[in-house]
Every structure is written in C-alpha cells, then in structure tokens.
Amino acid sequence: MPNYTYSVIKMTARKVFNADFNMNLTDGKIDDLLVNEPDNGYFGIIRRLTNKQNYYNSTDAKNPAYMKEIIFLDCSYDNKIYSQEDLNWAKQYDDEQLKKLNDIKMNLEKKKQTDEVIKKLEKVEFSISKYSRVYDRYEKKNKNTIAYEKNLDLLIDTGFVLNGIHYYLVGMSGNMARHGIKGFVSEDIYDDVMAYSYLIDKPKKCKIPKYEAYRNLLFTSCRAYVDELPRICVIDDYSIDIPNVSVKYPADGFYVKYNNDGSIKEKIPRKVMKSDVRTITINCFDGAAIHSSEYNNVLYRSLPDAKSIPKSYQLRLPFVKGVSTCFDLHGFCREYGIEYIKDIDGSMVPQNEIDILMTQSMYKGADFFPSFKVYYEAVKDKGFKLGISNYNKSAEESAQYVKANYQYLQNISALTTEDLIQLSHYFTDYVEKVLNDPCKAIGFLKTDNEDDNINETIENKTPYTFQALQLCPEMAKDECVRSSVTHLLKNAINQAKNCRILIKGGYKYLVPDLYMLMCWAGKNSGYDIEVKPCLKAGEMYCTGKVGRYSVFRSPQLLENEINVVNLVENDITKRWFGHLDNILIVNSCSADMMRMQTADYDGDEGFLCEEDIITSKVKTGLPLIINVNESKPPVLPYTKENIKEYHKRTLNCLIGEITNKSCCLHNKTNQLKTTNQLELDGTIDPNRIKTLEDLEYLSIQIQLETDYVKAGIRWDTPADIEYNLGNLPYFMRYRYLQLNKEFKLVNAKRNNAKNNILKKHGYDVKVKYDKEQKIDSKTETEIRNKMNEKKYRLPVSCCKTPLNGLCQHLEKWTPIIRYKLQSEDVSELFMPTGFEIETNILDAVKAIYEDYLQESAKRSSHKQNTNWNVFYKRYLKQFENIGLQDRELLFYLIKVCYVPDNKKSKNIVWSLCGDTIIEILKERNNANDKNNNAANEADQRVA
C-alpha cells in the first residue's frame with residue numbers, strides 16, 4: 001500500500017470552550033492549526049467512507065491533503081483527580097478520627113475539661129482537617145477547574161461545531177490518553193466510523209479503559225500496511241512462578257515526627273515500604289508473537305524505506321498490539337514433529353498454514369469477542385489491513401552512541417563526577433571535530449559514532465542544509481548552512497549539560513525467549529516437548545555480543561530498576577537466533593522484565609549500555625520494587641456516563657512530575673538520614689534511610705501512574721515527601737527554559753548584591769571577582785547573610801552531586817561556537833543556469849521577500865503558534881502567481897537574497913527551494929565524477 005500522509009487540525013479544547021462550542025475559522029486560521037500525520041486506521045476508514053480522490057493521492061509528505069473529517073483536541077488540564085481507592089482510604093481514616101473525636105466529646109461530658117483532654121481534641125480536629133483534604137476530590141478543585149470539567153462533560157456528550165460541521169468524540173488510544181488528546185469525527189460519517197471500530201456490536205458491559213484503548217489502536221500511526229491479512233494462530237499465554245525473590249512493596253504505616261526531646265510528636269498515616277521474600281508469577285511472553293521466515297519477506301516488501309531486512313515489527317490491528325519477531329516457525333515444527341498447533345478457541349491449526357503465531361496477550365480481544373474466528377472474520381469484512389507501526393533497524397545502520405538519560409546516570413550511587421567527565425569525552429571530542437570540520441555535524445542528527453561514514457545514503461528527514469553539506473563540503477561557508485550547524489551544536493551542548501552526553505550502547509526491542517515460546521506452543525498442542533528455556537536467569541542474548549552489560553528502561557527512579565546481565569551464546573541461540581540482529585532477547589525464567597518498571601514485550605525497548613564504567617558501578621542483588629496489589633479496572637456497563645468518567649482521567653499525566661520529584665530526592669542523598677522516621681507494623685527502625693524509601697514509594701507511584709488511565713488508581717505524594725523535596729538540581733536548569741531564565745535573573749541579582757557589599761568594604765570589583773582572593777570574615781558573613789535572603793535564593797540546588805559536577809565541568813569546557821571557515825557567498829555552487837533577469841519579475845520578488853521578512857519577524861517576536869510549512873506554502877503560492885517555480889524561482893531568490901551586505905534571513909531560499917538546491921548539487925557532483933573519469937581514461941591512454 002502507498003504511504004499516505006494528511007494534514008489535520010489539532011488544537012486545544014479551550015479554543016472550543018471559549019467559542020461556546022461553535023467555532024468559525026478562516027482558511028488562514030485553519031492553516032495555522034494543521035499538523036501533518038502519517039496514515040492510521042481511522043484515516044483509512046475515512047478514506048474508504050468518503051472515497052475522495054485527493055485522499056488516495058495524498059502520498060507526498062511535503063504536500064499532504066487536508067482531511068477535514070477528523071479533528072484532534074488537546075483536553076489536558078493541570079488538575080489532580082484522585083481514585084476511588086484513595087477516597088475510600090481517606091474516608092476510613094477520617095471515620096476513625098471522627099470516632100476518636102466523638103469519644104473525647106463524650107469524655108468531656110463525664111469529666112472536667114482538663115488541659116490534657118482539650119489538647120487531644122484539638123489534635124484530632126487538626127489531623128482531620130489537614131490530611132483528609134489531600135484526598136478530597138472536590139475540595140482540591142477551584143472554580144476554574146470545576147468549570148473546565150463541566151465544559152469537558154458537555155464536549156464528550158454533544159461534541160462541537162466548526163464552520164457548520166458537527167464533530168463527535170470517537171475516542172483516544174492509550175498513548176493519546178497519556179497526553180489528553182482526543183479524536184473527533186464529523187457527524188455525517190460518525191456512525192459508520194464507530195461501527196468500523198466496534199467490528200461487531202458494541203459490548204453491554206466491559207472493562208471500559210481496556211476496551212477503549214484496544215478499540216482505538218486504530219489511531220496508531222503506521223509506517224506501512226500489508227495488502228493481505230496474514231494467517232494468524234493465537235495461543236494461550238504461559239506463566240511460571242519465580243521463587244525466593246527479594247522484594248519491597250508498599251504497606252500501611254506512618255510517618256513519625258519527633259519533638260526536640262525525642263518523644264513522638266505526631267504520626268501521619270501513609271504507605272511505607274516493607275521487605276519480604278516472595279514467589280513472583282510472570283507471563284513469559286507478554287505481548288509477543290512469532291512470524292515465519294517466509295512471512296518476514298512479505299512484511300519487508302511492505303516497507304517503502306527500509307534499508308535492511310528487519311526481523312522484529314510492531315504490528316497493529318484493532319484489538320492487536322505487540323511485537324512479532326522472525327523465527328523459523330515451520331522448520332522448528334518439522335524438527336520437533338509438530339503438525340498442528342492448538343489455538344485459544346481449541347481448534348487444531350496446521351502449522352504450515354500459520355504466518356503469525358500470536359500470544360493471547362498480544363491479541364487484546366479475547367474478553368470482547370466470542371472467539372478469535374469471529375474477530376478475524378469481522379476484521380476481514382471491514383477491510384482492515386495489518387499495520388506496521390515500527391520495526392528494528394540493523395546494528396550497522398543504528399547509532400552506536402546515543403544520548404544518555406539523566407535518570408540512568410543519577411540512579412547509580414557509585415558513579416562519581418570524575419566517572420561522568422570521563423564518559424563525556426566522546427561528546428566533547430566530537431564537538432571539537434565538528435568545529436574543525438562542519439561536515440561531521442551530520443553525526444549529531446544520527447547520534448552515531450561512525451563520523452567517517454559521511455557518504456552513506458541521505459535520508460529524506462535530514463534538513464536540506466545538512467544534505468547540502470554532505471554533498472558538498474564547501475557549502476559549510478554558506479550562511480544558512482553555517483547557522484544550522486551552529487544551532488545544532490548549541491542545542492547538543494545544552495543537552496549535554498543536562499547529562500545527555502553520548503555513551504556507547506543502543507535501544508533495542510525487548511523480545512522473549514522465542515525457543516521457549518515454540519516449545520510451549522508444541523506442549524500446549526499435546527506434543528511431548530519440554531518447555532525448556534535457552535537462557536538462564538540473569539542471561540540475555542544480542543547477536544554478536546558476549547559479556548557483562550547493563551540494561552536500562554525509562555522512566556527509571558532507582559538503582560533497583562537496572563539489570564546487570566550476561567550476554568551469552570549457546571548451541572540453541574546459534575541454531576535458532578543466528579539470523580536476528582539488533583534486538584535483545586530476555587530470559588523467561590527470572591524477574592528481569594519486572595525489574596525494568598514492569599516492562600513487557602509489546603514494543604518496549606531497553607537501553608543496552610556498553611560502557612564498562614557504568615556497568616561496573618551498578619549495585620546488584622537489590623530487592624525488586626513491586627506493588628503486590630495489582631490494580632485492575634472493574635467491569636462496568638458500557639454507557640456514556642462511564643465512558644465520560646474514563647475520559648476525565650486523561651486531564652493530566654503526573655509521570656514527569658514524579659520523575660522530577662525523584663530527581664530532587666537524588667539531589668539530597670548527601671542528607672540520607674533524617675530526624676523523622678517511618679513506622680511499619682508498629683516498629684520504628686532508626687536505621688531506615690528515609691530518602692531511599694521515599695524514592696521506592698515514588699517508584700510504586702509511577703507504576704500506578706503509567707496504568708492510571710486504564711486502572712483508575714492514582715496515589716498522591718505524601719506531604720512529608722513534598723515538604724522535603726527542595727529545588728531541582730543545578731543541571732536541570734538546562735532542561736527547562738523557564739527555569740534557566742529564572743536562574744540567570746536571580747544569579748545576576750546575587751552578583752550585583754555581592755559586588756555592592758565588596759565595594760562597600762573597599763574591594764575592587766572592576767576586575768573580574770577572584771574567588772580565590774582572601775576576604776575578611778566580616779565581609780564574608782555579610783555576603784552569606786545577604787545570599788540567604790529569600791529574593792536572592794537560587795531556584796535550583798547547587799549541591800555537589802556527580803551530575804551537577806558534570807554540568808559545571810561542561811560549562812567551563814563549552815567552546816565558542818564558530819567555524820574556522822568564514823561565512824562566504826557560495827551561491828554559485830547551486831545557482832541555476834539558463835535564465836536571464838527580467839526587471840519587473842525581480843522587483844516583484846523583492847516586494848514578496850520584504851513582506852516575508854516583516855511577517856516572519858512578527859510571528860517570531862510574538863511567539864505565535866505558527867505552522868511554518870503552511871506559512872512558507874503561502875509565499876510559494878505568491879511566487880507561482882507571478883509565474884515562478886522550481887529552478888527559475890531559485891534563480892530569482894538567489895539574486896534577491898544573496899546580494900552583497902544583505903544580512904537578513906535567507907531561510908526562504910532553503911524552505912521553498914531546498915529540493916531544487918539538492919538536485920543541482922547532485923548534478924554538479926555527477927558532472928565532476930564524469931570529468932574525473934574522463935581525465936583518468938585520458939591519463940591511462942597517454943601512459
């Protein structure tokens with residue numbers, strides 16, 4: 001199938017609310033709201049229902065058709081809504097406190113009002129008022145929040161109108177839900193679209209979050225679709241018990257505050273972490289599938305841009321989500337005498353009639369359809385195609401160095417500042433290489449260490465300026481190319497200060513033990529085959545790699561969530577996995593997957609770290625952090641009211657907030673022991689390290705937050721953690737633009753205040769302040785006191801932590817971003833030939849160019865939400881109206897923009913004529929190659 005791309009409207013729900021649910025937008029306003037989206041299942045449905053020819057011709061990603069039948073609204077809102085479990089817990093606590101309050105009141109009637117009884121009464125009343133509000137869903141809301149939710153209720157119920165077209169809610173995928181995005185389609189096709197998504201009649205009762213997420217897998221963008229549906233056999237999942245696993249899990253307890261004399265001042269109920277040794281049950285193949293070697297060729301031929309033959313694919317259908325990996329399915333069956341495989345319906349399917357062997361956890365429809373056969377026939381009847389949302393690239397074409405995640409580095413307690421500085425050398429060396437040779441800047445787009453591999457095929461997504469640089473190194477002198485490289489380097493350096501340095505390793509699909517999966521398929525089908533793993537606990541497999549490695553997965557809050565494993569090869573891996581490339585096969589007989597924030601095999605990636613410095617410093621044998629009471633959504637009537645409640649859970653996502661809190665706690669690890677302690681089972685252990693336990697609590701909190709939309713369970717951060725967080729660490733100022741601005745502002749005030757004090761005491765501040773010079777104690781004390789005033793406190797914490805140390809090291813190292821090559825006019829390298837200047841056309845181009853300069857400056861200074869692709873298309877249209885396009889347009893734009901002493905923006909040249917510039921440079925290179933070949937032939941004849 002062709003690769004379709006469409007322009008669709010994406011805007012905030014507030015715009016709809018502010019227009020009272022009835023909007024009227026001009027074409028220009030619509031253009032500013034358009035975003036380009038690759039094909040997905042819903043676009044395919046609209047394509048078939050409307051049968052519009054321009055939708056079938058929308059295969060040019062740079063000029064996509066505008067699909068007005070669908071609109072995306074961002075409905076997110078910064079508002080905490082607590083789960084029913086939280087409310088029940090708080091209510092129970094309140095009831096207990098109220099009972100105590102009533103007992104005290106009754107006691108007051110019988111006895112005199114002694115000071116002791118009155119103090120008890122005040123304490124209980126305070127306890128109720130302070131802590132119950134934290135969990136009260138309605139008291140947390142202000143008037144704006146309540147009004148917003150009322151509008152959201154109305155939006156879900158009745159939709160909205162845009163330019164006379166009524167749009168109704170279709171739904172959202174799981175990924176959209178985490179960002180508060182919802183899809184709406186026009187009234188004329190709404191019923192048909194919903195019928196397509198249900199496949200058969202909609203359910204009367206179901207687990208609504210799961211059903212809605214799986215039904216709306218149709219929103220997943222796909223790189224390609226396979227023309228014919230594969231022959232699928234779905235088999236039962238396989239679970240095993242892992243005994244004697246050291247775990248920590250949340251249990252009821254208290255945060256205990258002490259008086260100065262050591263007596264207990266107050267006990268505040270909260271969850272605390274409890275240690276245990278347990279048997280853990282795991283689903284060995286959660287979300288995984290196998291496809292035959294023959295069908296791998298079908299999948300590969302469906303991909304338009306793959307440079308090598310992938311072996312693992314993320315596949316999508318309605319109610320199907322997971323990763324399928326190539327395996328010699330039929331060869332295995334022949335070798336082990338398997339003729340038939342039993343599916344979840346109890347049917348025996350001939351093995352030679354199977355393209356994909358899928359686990360039930362990848363097929364999400366088992367709870368919603370009477371049988372897989374009914375589901376499959378409905379998919380065929382509705383004309384759905386198998387979508388490929390992503391696939392693994394070969395090791396050769398993948399980056400060997402990738403940007404580190406600060407979460408990975410901060411979690412390793414033994415890493416020092418010196419270790420991080422050593423790790424940063426590859427990044428700093430590479431930047432210095434780019435300063436000497438701008439052509440190497442293309443490596444930053446790929447985060448690849450193969451900086452000499454400059455002549456490989458240019459990807460379409462690479463900016464025109466960098467494509468030009470690859471084709472012709474002399475283009476480094478061009479002002480726009482030079483500006484692009486400078487901007488790229490500045491961004492990369494700022495990211496490095498936020499610990500995104502380049503480290504050796506790569507992200508790889510997590511794949512289960514495929515040999516064990518096939519053994520299970522045979523055993524489950526009645527054959528005498530042992531379900532035997534080919535990898536032991538603590539082992540993994542990645543083609544061509546043997547030895548000790550560490551494996552990370554984001555989000556990650558603790559060192560407990562890092563796996564240190566042995567990559568191995570054995571006779572079975574050589575026999576059955578030798579064809580695989582650049583994926584990570586995890587053993588299916590340990591809790592290694594659960595350690596990585598309960599990862600599964602439906603598309604999760606793990607970062608395989610190849611840095612010995614990192615792997616050698618990771619602590620092993622740490623307990624597994626789990627939530628023993630797994631949250632599951634209830635079965636409810638599939639009604640508008642219940643669907644509405646589900647949608648309202650997507651107003652916000654707290655994952656980023658929780659990871660920031662963990663960052664603050666890591667920054668405080670030099671103050672691990674605190675005066676106040678946590679109590680569990682009536683026991684206070686003074687040796688407990690509260691900061692680490694707080695991080696473990698946040699780890700559970702983020703596990704729940706990840707599944708919040710589905711399960712509806714969200715935990716609040718306890719007040720004692722919130723109170724002790726402090727500021728974000730210093731290095732995080734390079735992550736958040738606003739934080740960096742605030743830091744610079746406050747730091748300038750601090751420096752001025754310091755200088756004023758120094759001048760007052762006779763110090764010379766005209767010369768840059770020397771931190772090593774001796775200052776008398778009186779002046780030092782005055783400066784210290786001044787800096788402690790609230791208005792001079794920095795918005796970040798400057799504790800001496802390894803990550804702060806790395807950031808400060810890179811600040812000192814940061815080179816001046818400039819080239820040894822000076823900017824020159826090299827436009828003759830891409831100047832089209834065969835045209836003569838016509839004065840009237842040149843004047844018209846100058847006028848349009850001046851208008852462009854004013855409009856682009858206005859939009860940039862006012863920080864308008866501008867769709868720049870649409871913006872440049874408008875100017876392209878103006879040039880086409882005066883008869884200019886392609887090479888003639890480039891000719892005139894160069895004549896206007898590349899005149900001597902013109903320091904104004906030349907971006908319009910590259911934005912409108914980038915394709916043409918690349919064509920000319922390629923022709924120039926081909927001509928040079930022919931001339932060189934001809935000269936060589938002539939030299940040979942003379943010789």
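1. Helix α34 covers residues 886-897. In this predicted model, the helix has 12 residues and spans 16 Å from its first C-alpha to its last. That is close to the 16 Å expected at 1.5 Å a residue. Many of its residues are buried, including Leu889, Leu890, Phe891, Tyr892 and Leu893. Ile894, Val896 and Cys897 of α34 are buried too.

2. Next, the chain as a whole. The protein chain holds 35 helices and 32 strands. Of its 943 residues, 52% are buried. Take the contacts between residues at least 6 apart in sequence: 79% of them join residues at least 24 apart.

3. The largest nonpolar core has 118 residues. Which of them touch the most other members? They are Phe444, Met475, Phe830, Ile908 and Trp910. Helix α35 (residues 907-942) is the biggest contributor to this core, giving nine residues. A second core, separate from this one, has 68 residues; Val272, Ile338, Tyr515 and Leu624 are among them. As background, nonpolar side chains in soluble globular proteins tend to be buried together.

4. Phe830 deserves its own point. Set aside its neighbours within four places in sequence. Phe830 is then in contact with Met475, Asp478, Leu890, Ile894 and Tyr898. Trp910, Ile917, Ile920 and Leu921 complete its list of contacts. Two of these partners, Leu890 and Ile894, are buried residues of α34.

5. One open sheet has seven strands, in the order β9-β19-β14-β15-β13-β18-β10. Its pairing is mixed. Which strands stand at the edges? They are β9 (224-226) and β10 (232-235). Each has a single partner strand, so one side of each lacks a neighbour in the sheet. On average, neighbouring strands here are turned by 30° against each other, direction ignored.

6. Look at the β10 edge of that sheet. β10 pairs with strand β18 (residues 356-359) in the parallel sense, over four bridges. Met358 in β18 is the bridge partner of Val234. Helix α20 (residues 514-524) packs on the sheet. The helix touches β10, β13 (288-291), β15 (320-326) and β18. The direction of α20 makes about 90° with that of β18.

7. Another open sheet also has seven strands: β2-β5-β6-β7-β4-β1-β3, in that order, with mixed pairing. Its edge strands are β2 (22-23) and β3 (34-38), each pairing on one side only. β2 and strand β5 (residues 160-162) pair in the parallel sense over two bridges. Asn22 has Val161 in β5 as its bridge partner.

8. Pro555 sits in the loop between β23 (547-552) and β24 (563-567). Is this residue buried or exposed? Pro555 counts as buried because its relative accessibility is 18%, and the cut-off for buried is under 20%. Leaving aside neighbours within four places in sequence, Pro555 is in contact with Gln407, Glu561, Gln597, Thr659 and Ile702. Gln597 is 42 residues from Pro555 in sequence, yet their C-alpha atoms are 7.4 Å apart.

9. Now the aromatic rings. How many aromatic pairs does a search of the whole structure find? It finds 53. One is Tyr168 with Tyr190: ring centres 5.4 Å apart, planes at 50°, so the pair is tilted. Tyr168 belongs to strand β6 (residues 165-171) and Tyr190 to helix α9 (residues 187-198). The two are 22 residues apart, and the pair links distant parts of the chain. Tyr168 counts as partly exposed, at 22% relative accessibility. Tyr190 is partly exposed as well, with a relative accessible area of 22%.

10. Tyr852 and Tyr872 form another tilted pair, with 5.8 Å centre to centre and 40° between the planes. Tyr852 lies in helix α32 (residues 839-861), Tyr872 in helix α33 (residues 868-881). The pair therefore ties together parts that are 20 residues apart in sequence. Both Tyr852 and Tyr872 are buried.

11. Ring pairs also build a cluster. Its tyrosines are Tyr198, Tyr211, Tyr214, Tyr363, Tyr375, Tyr376 and Tyr638. Phe319, Phe368, Phe369 and Phe372 belong to the cluster too.

Note on methods:
Residues are numbered from 1 along each chain as its sequence is written. This is a predicted model: local features need pLDDT of at least 70, side-chain atom pairs count only at pLDDT 80 or more; totals for chains, interfaces and linings use all residues. Side-chain values use heavy atoms; hydrogens and water are left out. A nonpolar core is a set of buried Ala, Val, Leu, Ile, Met, Phe, Trp, Tyr and Cys residues joined through side-chain atoms within 4.5 Å. Buried means under 20% relative accessible area, exposed over 50%, partly exposed in between (1.4 Å probe, protein chains only). Contact means heavy atoms within 4.5 Å. The expected span of a helix is 1.5 Å times one less than its number of residues. Two strands pair if DSSP finds at least two bridges between them. Axes are lines fitted to C-alpha atoms, for helices over the stretch in contact, and angles run from 0 to 180 degrees between N-to-C directions. Rings of Phe, Tyr and Trp (its six-membered ring) pair if their centres lie within 6.5 Å; planes under 30 degrees apart count as stacked, over 60 as edge-to-face and the rest as tilted.
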